[in-house]
Amino acid sequence: MSELHKFLFDGLPVRGMLVRLTDTWTEMLRRRASNTQSGAYPEPVQQLLGEMLAAAALMQANIKFDGALIVQVSGDGPVKLAVAEVQPDLAMRATASVRGDVAPDASLSAMVNLHNQGRCAITLDPRGRFPGQQPYQGVVPLFGDRGEKLERLSEVLEHYMLQSEQLDTTLVLAANGSVAAGLLIQRLPTQGSGNLDGGAQAVPNEDGIGRSEDYRRIALLAASLQRDELLGLDADTILRRLFWEESVTRFEPMIGDTGPRFACTCSREKVGAMIVGLGAEEAQSILDERGDVEVACEFCGLQYHFDPIDVTQLFQPSSIRAEPGGAPH
Ligand SMILES: [Zn+2]
């Protein structure tokens, strides 16, 4: 079963999290593979999307935010868009749209940053957002400080975490056809009431007293974790192997109903609102051409079918809602 583990390094301003998505991840891959139009993801896309999903789970569990956290990579290569979305209760979904061929050994930049236009956006979408309220979005380029193309999603997201939270973060991510997993290590602010030392001593400058040394040591241990180990070993073994010399306090794992799991938030109502958003003319032209409107959810594969009567009802004044781009006709 999919699981998420949180832990603290005793007396040190460092915390960590480990996520392993198994059934959650394979369910998403199974649904994609059974879609006769798209077919299964090419292996490099599977790896990218799995890493995005593991990272989104870690980032969602790392913040206290009442809404969806969405990691989006939009690209100018064969992968046009990849999306991983995690709710506060760790319900999650992911999808990628692929146009054209992806080489079996395609790098991140070959997939999404071929012509330097690729980018990664992290969106926090508040639950119950009122009309007109914008979600918070941070965008990071897929380039390093020296202008080099980044080839690891973990580097891109570490950059984002440093920018947005001002906190050093180390991420290790990996995914294959059966597991998507990630390890996050983060330095906590040592000042203020959140001080893990209990606030007994005043800590004017954490670097000045070598506090960041603790983070660096633990981050190095974390970064030594190999892809095969992250994918193949259980959480207890990984944490024991990496941190056996450290004193670690672990929390109750999040698993089952409280853990990471696949769930799609699509609904007939939302698809209906989307059709209204197209406008009556466009909807009518689809009806003229095909006889009905058929929409498949790209996340879960569910088919929504609207016949001419359904479509007419959608455009009845009583059922029209104010949706962006969907002005009543
Ligand atoms: Zn769906």
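**Loop residues with positive phi, sheet order and helix packing**

In the predicted model, Leu 90 is found in the loop that connects strand E4 (79-86) with strand E5 (91-98). Leu 90 has a positive phi of about 70°, although this residue is not a glycine. Most residues other than glycine have a negative phi. The C-beta atom of Leu 90 has 23 others within 10 Å; the cut-off for burial is 20 or more, so Leu 90 is buried.

A second loop residue that is not a glycine, Asn 116, takes a positive phi of about 65°. Asn 116 lies between helix H3 (108-112) and strand E6 (119-126). With 13 C-beta neighbours inside 10 Å, Asn 116 counts as partly exposed.

The protein contains 10 helices and 14 strands. Of its 329 residues, 33% count as buried. Among contacts with a separation of 6 or more, 64% are between residues 24 or more positions apart.

Strands E4 and E5 belong to an open sheet of six strands, in the order E7-E6-E3-E4-E5-E12 and with mixed pairing. The edges are formed by strand E7 (136-141) and strand E12 (261-262); each has a single partner strand, so one side of each is left without a neighbour in the sheet. Within the sheet, strand E3 (residues 67-74) runs antiparallel to E4 and is joined to E4 by six bridges. In this pair, Ile 70 stands opposite Glu 85 of E4.

Two helices can be described relative to this sheet. Helix H2 (residues 43-62) lies across E3, E4 and E5, and runs at about 30° to E4. Helix H4 (residues 153-165) also packs on the sheet, where H4 touches E6 and E7. The direction of H4 makes about 130° with that of E7.

Towards higher residue numbers, helix H9 spans residues 280-290. Of the 11 residues of H9, one is buried, so the helix lies largely in the open. Gly 291, just after H9, takes a positive phi of about 90°. Strand E13 (residues 293-296) and strand E14 (residues 303-306) run antiparallel and are joined by four bridges. Ala 296 stands opposite Gln 303 in E14. The hairpin of E13 and E14 has six residues between the strands, and in this hairpin Gly 301 has a positive phi near 85°.

Note on methods: Residues are numbered from 1 along each chain as its sequence is written. This is a predicted model: local features need pLDDT of at least 70, side-chain atom pairs count only at pLDDT 80 or more; totals for chains, interfaces and linings use all residues. A residue is buried if 20 or more other C-beta atoms lie within 10 Å of its own, exposed if 12 or fewer, and partly exposed in between; C-beta atoms are placed from the backbone. Two strands pair if DSSP finds at least two bridges between them. Two residues are in contact if their C-beta atoms, placed from the backbone, lie within 7 Å. Axes are lines fitted to C-alpha atoms, for helices over the stretch in contact, and angles run from 0 to 180 degrees between N-to-C directions.
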